[in-house]
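Hi,

Here is the structure I promised to pass on. Have a look at it first, and then read my notes underneath.

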Amino acid sequence: MKQIIQCQLNGKPVELVVDVRQSLLEALRSHGLTGCKEGCGVGECGACTVLIDEVPVDSCITLAIRAEGRVIRTIEGESINGELSPVQQAYVDAGAVQCGFCTPGLVMKTTSYIEGLAQSAGGCCQSGSNGINRDDIRREHAGNLCRCTGYQTVVDAVEKSIQYYSGQK
Amino acid sequence: MSVGLSQERLDAKAKVTGRCRFTGDLALPGTRIAKYLHSNIAHGRVVDIDTTEALAMTGVEAVFTFADIPRIPFATAGHAFNLDPAARDKEDRLLLTDYVRYHGDEIAIVVAVDGLTASKALKKIKVTYKEYPALLNHEQALDTAAMELHKGSANQVGEHSYQCGDVPAAVASADISLKGQFQTQMVQHCHMENHIAWAYMDDTDHIVIMSSTQIPHICRRIVSQALDIPMSTIQVIKPAIGGGFGNKQDVVLEPMVAFLTKKLGGVPVMLELTREECLSSTRIRHPFRVNVECAVNNDGTLKALAMDVSSNTGGYASHGHSIAKAAGSKVVPLYPNAALSYQAVTHYSNLPSAGAMRGYGSPQLVYAVESIMEEAARKIGMDSLDFRLKNVAQTGDTNPLTGKVIESAGIRECLIKGRETFGWDQKKQEHQAFKSGNIRRGLGLACFSYGSGTYPASVEIAGARMILNQDGRVTVQIGATEIGQGSDTVIAQMASERLGIPVSAIRVVSTQDTDTTPFDPGSFASRQTYIVCQAVAETGDLLRQRILEHASTMLELPVEQLTISEDAVFNGDKTVRLSLNELALDAYYHKTRGQQLTAEVSRKVTTSAYSYGCTLVEVEVDIKLCQLSILGIRNIHDSGKIINPDLAAGQVYGGVGMGISGALSEELLADPETGWIYNNNLLDYKIATMMDSPDISCDFVETHEPTAAFGNKSLGEPPLLSVAPAIRNAILDATGVAMNQLPMSPKALFNAFRDAELI
Ligand code: FES
Ligand code: FES
């Protein structure tokens, strides 16, 4: 059964025709937003991470109809006018990208993480000053699997994201 | 000017913005979805299969079983074709089977308008099996009374042996000798992008296959063979690949999607495996059982190593015995001065099919060899690092297996550097305080050597094409396959180096297309930079020369006075400047002179270079919790000249991470009676998460390899090779307990600690 849902997608109001059984991942991908990836389809890998009302979710196990009335952010909305977001730039600069299949999901997770940090610190987030260490970063990102990097450069990228984000503020 | 610098990945921005397109992102509208019906037994025969109900479902377009497919057995291993029929891979697969050889074997396939319909249809297919006892290990499979999984094979895929020196004499004359048996587990690649391929026809006889493959050109040949259609009627296109690690060096889905689109009148048909299918119905790493004997003198001289390997390839040969063969040959360049013997057998079984995986047999063998080396060092009371220093290869040694001189060997330097930068001696001192009680600390070390490419086992050939575009920039096409490792970027750096133009003025065509891409077997054997560098260097030289010749005509100056720098051609004292843009426009559009300036070179490489390295690791073991923490881990590599330090470090981190994960937690589990696979999903098959991964560090010793255009050697697979034995040796150092089976999971530690009466 098809249903029309309305939501805000990367800053713009949209109407999507979705099958009621469809996952948000499938709905987004068939809407042309193929940046979110399926690595497992059952909530194990995080490759499909998008933000719903700023909360990172595995879109593969979220029904598309649950997006009704919500604010959705996907990787496609993160760079504006060709300029990378601080998190995207940090991933590039830290060399955290190899095959890149996990990258969109990770970037979305990190984005919500550092925006959350900034909010709780009253608009500023700084590694060290608010006590964020590499273990904290690892714990926060434990739901996103990457098979290429050993996570070393991904943790570096999150540290850099924090720096860049606070620099931008 | 470019080689040796940490150039940013060419595809980094495309990947962080989600714009980079993978196979599934390119599907055409209306693409049909195919799904396999996998056997739910490990060994048996399909005596009846009823597809009527499935076929009658709305949305189901076709169902095929064993009865419908071509009876042409084919080999799936991604090896370059071999002119010698005896050296070719085992042709033991059909598109579908009625003889079930492992739990998950493919017995039917459904094509439907969408995935949900296809999945529902699978449930409607009724299968009756006649079940046979599962043959899971060496003894069961090679028992003379065992059923043959493939007719005439006696369940053996291959065997071979070699001898370098007189091992029995060396053992007899050595001060001590010791033996050990080591067992490795079923491990799976778990590239984040599952196997996926789709195909359509764009003419009455022309099939286009889009696939996540490491080996587009080989894939085309195998599809042609499997379907008995001419190679030129098949076009294989490889877009961005979400990791392969060897699992996509096998032709897994492509013959089937080609078959399906052909059957369905050319409509696009896609096969995208689920994670569960990928884990147990593609390929895995061969489990090895290794018996090894090591003989040494009390002064630390390694006299002999005798290795005896049984490799389990599962239900189908795939890369078969090549794995055990390659692994054996790669130990020799590490300890070329000892007497070495190796014998190996590869057998079939009712386990998932094993194929190529990062390291190609070496991780299993290195685990055994470097473990017994540790035992030997302990037995003679010598520091394990000193023991290695005394025995490892040096530049100028002869590889006794090939009779060729080892042109560059930096393993001694790696060990020395590791000793200093890891603080080996100091840590050893400090650990004296952690040798009893509940919290123990230990140090471990292991070394490896590895090849660069497959020569002389296979042909090594690479092609490159460069075109000066109308805007003065250069397009580079290569057959070498980017699968995430960064080969396109280092190829751009090599091209830049030879052309004299910056990487920013070079576009590497990342998509491979067998209709247009220069021939190259693909991405495997850590061959890309080493094999392709010659072709890229020569093509760069050729195009540079052609550009300068055209400049010479335009400027009326002799070629010898001209150079390319940045975006222009200059004369000797830089008083004349001709931009490449102007030059290109002239070459393309001047009415009487010039032409499109291009260059193309295909080169065979008839050398292999050995890369070396070692892992140093410091662990802490909580005996009561059976918990292991890695306090520090450092890999030091001799991969010759490093073309791109950041990308190289990335390869090391990834390889070490995968090595740690394989050493400590990964294990595909089969029921010991039925061969039923227990854990083909990412919750129960434990690859390391970020939480499980320690900080990793690395270092390089840059030797110069004279057989490579830029002095470079392999690096893709090597970082993983020595990780498991180093950790095993560190646990031994910390606790006195030898973990001779992988993985060294908390459960395994519990059993071992209990046996050792530590708990
Ligand atoms: S695809 Fe959604 S968690 Fe893996
Ligand atoms: S970069 Fe390949 S999975 Fe993360």
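B:Asp202, B:Asp203, B:Asp205 and B:Asp515 together make up a negative patch on the surface. Keep in mind that this is a predicted model. If you want to find the patch on screen, start from B:Asp202: that residue sits in the loop of chain B that runs between β9 (196-201) and β10 (207-211). B:Asp202 has a relative accessible area of 44%, so it counts as partly exposed, the class between buried (under 20%) and exposed (over 50%).

Over in chain A, I looked at A:Arg73, which belongs to strand β5 (residues 71-73). Is A:Arg73 buried or exposed? A:Arg73 is buried, because its relative accessible area is 15% and the cut-off for buried is under 20%. And which side chains does the side chain of A:Arg73 contact? One is the side chain of A:Glu54, with a polar contact of 2.6 Å. Another is the side chain of A:Glu78, where the polar contact with A:Arg73 is 3.1 Å.

Back in chain B, take a look at B:Asp622, in strand β27 (residues 611-622). B:Asp622 is buried too, with a relative accessible area of 15%. I also checked B:Asp622 against B:Arg289: 333 residues separate the two in sequence, and their C-alpha atoms are 29 Å apart in space.

That's what I have for now. Shout if anything is unclear.

Cheers

Terms used
Residues numbered from 1 in each chain as written. Chains lettered and ligands numbered in written order. Predicted model: local features only at pLDDT ≥ 70, side-chain atom pairs only at ≥ 80, totals over all residues. Heavy atoms only, no water. Patch = residues over 30% accessible without salt bridge, like charges linked within 9 Å, V, L, I, M, F, W, Y side chains within 5 Å. Areas by Shrake-Rupley, 256 points an atom, 1.4 Å probe, with all protein chains shown as cover. Salt bridge = Lys/Arg side-chain N within 4 Å of Asp/Glu carboxyl O. Lys, Arg positive; Asp, Glu negative; His and termini not counted. Charge placed at Lys NZ, Arg CZ, Asp CG, Glu CD. Helix = DSSP H or I, 4+ residues; strand = E, 2+ residues; numbered from the N terminus. Buried < 20%, exposed > 50% of the residue type's maximum accessible area, 1.4 Å probe, protein only. Polar contact = N/O pair within 3.5 Å; in protein donor to acceptor, adjacent residues only side chain to side chain.
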